[in-house]
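I opened this notebook to record, step by step, what I looked up in the structure shown below. The entries follow the order in which I went through it.

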Amino acid sequence: ASTLHVRSASTLHVRSASTLHVRCLSNKVPVLVSHVSRETFYVKDTDILQEYGLTEKEIQDVPYKTLRNAYESEEEHSPSGSYARRLYPRELVVKRALGKYKTRLNMQRHVQKYRREEQEEEDITDALGSLIKLLYMENKTIKQKKVNKSSFAANQSRKRHQILSSLRVVGFSIATNCIVAVAKFGSYAYTGSASMLSEAIHSVIDTMNQMFLAFGLIYSLKKPHSDHPYGFDKARYVYALISGVSIFEIGAVFTIKHGVNQLYHPTLVLDHSISVAYAVLLFTAVFEGWSLSFAYRQAKIQSRLEGVSLSHYVFKGFEPNTIAVLAEDIAAMAGVLIAGAGIGLSAYTGNPMYDALGSIGIGTLLGGMALFVVIRNKDA
């Protein structure tokens, strides 16, 4: 409970069994004071101004008792300590208030006026606190918007760099595939090889698809406007998806169909023209290898910028265009090997069936690559 210091050693009367522990300032004689007695006969110094309109200076000569905190040690306690609460006799306080205000009505009016002023001060303090909090939140929001704007600008710059990098890869691949396609068609016209025709079609399809990719990349660089407020960034995914579907529908289906037809009606000329086919395949391997190395370097750079491994970038990255070119170049190199194997086995055995099987193998390869490109765009 609480402890009181009183100026007299006399014991106070109690009206309740609930008591406070009181000590005398002079000789520390224990005195018992009930809660009811304290509330009825005494006024705390913190309540005098609110209840009676008296200041501390006006009651400084009124006798009082000191109430200290129950958790305060006696060594820490003093009548003027931080925990000390003075209890003034209510009767003496009322007399002092009536002496000041003459009547109870005047006293009540003054107290009400004081309470109104105190309430107004509290309202003003609350309003200022709310205003400060609102300004703080507004400032925080503005800072967050600046950070978001900065992050958005950095993200847009990174995307633009990524798109331009992919565009360089696609442009280089278009140039090499155009040259290779012309050489392969010339070789097919000279040799009649089904595998060489499949390779020529493969190069044409690669060129067309990479044109789709280039158009999608250029289109995605357009700035947002009222009809498209979120920009055109997704256009590159759409055109990459169209590219994958066209590879499957045009390249894979036509090539497999041509290979099956060559099984029944072979057109391969098994003479010295085979050396021309091999020369063209070697020429193709050089250019396709050059394009593949360029696409590989760009994919490695992009994966390093993304902070992921190359395998993660290839199979789970968010830039499908460079990956599409990389996949097409890998398929082109594999197609050169399949075509060379088909033509070589046909020349060695004298059976054009192997050349037709090479054409079917290239068509299957194209189908697998198309499926990979479609799945990568779906995941992106």
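**Two helices that cross**

I began with a pair of helices in this predicted model, and I found that the axes of helix H2 (residues 45-52) and helix H3 (residues 90-101) come within 11 Å and cross at roughly 40°. Because an angle of that kind is neither under 35 degrees nor within 65 to 115, H2 counts as oblique to H3. I also noted the hand of the crossing, which is right-handed where H2 passes H3. Looking up which residues make the contact, I listed Ile48, Glu51 and Tyr52 on the H2 side, and Arg90, Val93, Val94, Ala97 and Tyr101 on the H3 side.

**Confidence**

I then checked how far the predictor trusts its own model, and I wrote down a mean pLDDT of 75 for the protein, with 78% of its residues reaching 70 or more. Residues 1-36 have a pLDDT below 50, although this stretch has 83 contacts in the model beyond near neighbours in sequence. I made a similar note for residues 75-83, where the pLDDT is again below 50 and where the model has 13 contacts beyond near neighbours in sequence.

**The largest nonpolar core**

Which residues have the most contacts inside the largest nonpolar core? I found that this core has 18 residues, and that Val169, Val170, Leu213, Ala295, Val325 and Leu326 are the ones with the most contacts inside it. The elements giving two or more residues to the core are helix H4 (104-191), helix H5 (194-220), helix H7 (273-306), helix H8 (310-316) and helix H9 (320-349). I followed Val170 further and, leaving aside neighbours within four places in sequence, I saw that Val170 is in contact with Gln210, Leu213, Ala214, Leu217 and Val325.

**Gln298 and Leu345**

Is Gln298 buried or exposed? I located Gln298 in helix H7, and I recorded it as buried because its relative accessible area is 10%, where the cut-off is under 20%. Apart from neighbours within four places in sequence, Gln298 is in contact with Ser165, Arg168, Val169 and Thr322.

My last entry concerns Leu345, which is found in helix H9 and is partly exposed, with a relative accessible area of 40%. With neighbours within four places in sequence set aside, Leu345 is in contact with Gly350 and Tyr354. I also looked up Gly358, which lies 13 residues from Leu345 along the chain, and I noted that the C-alpha atoms of these two residues are separated by 9.7 Å.

Notes:
Residues numbered from 1 in each chain as written. Predicted model: local features only at pLDDT ≥ 70, side-chain atom pairs only at ≥ 80, totals over all residues. Heavy atoms only, no water. Core = buried A, V, L, I, M, F, W, Y, C linked by side-chain atoms within 4.5 Å. Buried < 20%, exposed > 50% of the residue type's maximum accessible area, 1.4 Å probe, protein only. Helix = DSSP H or I, 4+ residues; strand = E, 2+ residues; numbered from the N terminus. Contact = heavy atoms within 4.5 Å. pLDDT = per-residue confidence, 0-100. Axes fitted to C-alpha atoms, helices over the stretch in contact; angles between N-to-C directions. Parallel < 35°, antiparallel > 145°, perpendicular 65-115°, else oblique. Left-handed = near helix turned anticlockwise from the far one by under 90°.
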